Amino acid sequence: ENKKFNIISGFSLDNRFYKNERSRYQSNQKLDENKKNILLIGNSHAKDSYIIFNEMLVDNSNLNFILFSTQIKCLKDLSKNELCGKKINKSQIELFNKSDYLVLSTLWHEEDLIYLEKIINKLDKPKDKLILMSTSPTFHWTNVFTLLDQFVLENKRKPNFKEIEQLEKELFKQIPKSIFKNNEKLKEISKKNNLIYLDKFDYTCDLNKSRCHILTDKGKKIYYDNSHYTLDGSLYFVELFKNLGWSKLFN
């Protein structure tokens, strides 16, 4: 089995390897009163954002990044000290009240968007301290192999420069229209409420060329499924975050 999945050195077709590697990345869940606290809220996509922000600003000793996992729609019950019917404790409530910045980063669903403006009001944060991030591009997924995996499996090698370009275009075509629709809605809500809006497509894809990154500049896999980043993928996106000026958001 190992030989089957490791056709190329440093590249595995067993995506459990990448998923487990990412899951071992330790996420902080505590406030630090001596630092500026940034709370990232959302489902598993919030961890992707958490890793990038945390790695990008790892040398900034004044910042403390915190990850809080929940579906965004559940925040509508926050004033009742509940999240989707489950009670939350005092320390969890303090994360929302005492964090200097709140960043909503998730795979946005229709129900999240229905309640979003109500949630924005409940969070009661200054407009320049509340940040919305778009949905990441989501691609076709067989529950085993990505588009890149299928190429490697068939050709027993990584794609060359021209093949990468073609695969990146194919990847872009796989994105459902609903993703773009939801992101447009998010953009509208952000503008209406004077919130900071960060579009994940600004670093994951090139909209002008209808392409999405599929390999890092070191030839490492970026996605281990239909939307989640490998650890190598997250580290690759760190530099792209910096190029967008996102490292200065919490100054």
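I began with Ile 38 and listed its contacts, leaving out residues up to four places away in sequence: Ile 38 touches Leu 63, Asn 64, Phe 65, Ile 66, Tyr 101, Val 103 and Phe 250. I note for all entries here that the model is a predicted one.

Next I looked up the nonpolar cores. The largest has 50 residues, and those that touch the most other members are Ile 38, Leu 40, Phe 53, Phe 65, Phe 237, Phe 241 and Phe 250. I then asked myself which helix gives the most to this core; I found that helix H3, residues 44-56, does so, with six residues. Apart from this core I recorded a second, separate one of 27 residues, which includes Cys 74, Ile 93, Leu 95 and Ile 120. As background I wrote down that nonpolar side chains tend to be buried together in soluble globular proteins.

I turned to the sheet, which is open and built from five strands with parallel pairing, in the order E2-E1-E5-E6-E7. Strand E2 (63-69) and strand E7 (196-198) are the edge strands, since each of them pairs on one side only. For the twist I noted that neighbouring strands of this sheet are turned against each other by 20 degrees on average, with direction ignored.

Within the sheet I checked one pair in detail: strand E5 (residues 101-104) and strand E6 (residues 130-133) run parallel and are joined by three bridges, and Leu 104 stands opposite Leu 132 in E6. My last entry concerns helix H8 (residues 177-192), which packs on the sheet and touches E6 and E7, while the direction of H8 makes about 160 degrees with that of E7.

Technical notes
Residues are numbered from 1 along each chain as its sequence is written. This is a predicted model: local features need pLDDT of at least 70, side-chain atom pairs count only at pLDDT 80 or more; totals for chains, interfaces and linings use all residues. Side-chain values use heavy atoms; hydrogens and water are left out. Two strands pair if DSSP finds at least two bridges between them. Helices (H or I, at least four residues) and strands (E, at least two) are DSSP runs, numbered from the N terminus. Axes are lines fitted to C-alpha atoms, for helices over the stretch in contact, and angles run from 0 to 180 degrees between N-to-C directions. Contact means heavy atoms within 4.5 Å. A nonpolar core is a set of buried Ala, Val, Leu, Ile, Met, Phe, Trp, Tyr and Cys residues joined through side-chain atoms within 4.5 Å. Buried means under 20% relative accessible area, exposed over 50%, partly exposed in between (1.4 Å probe, protein chains only).
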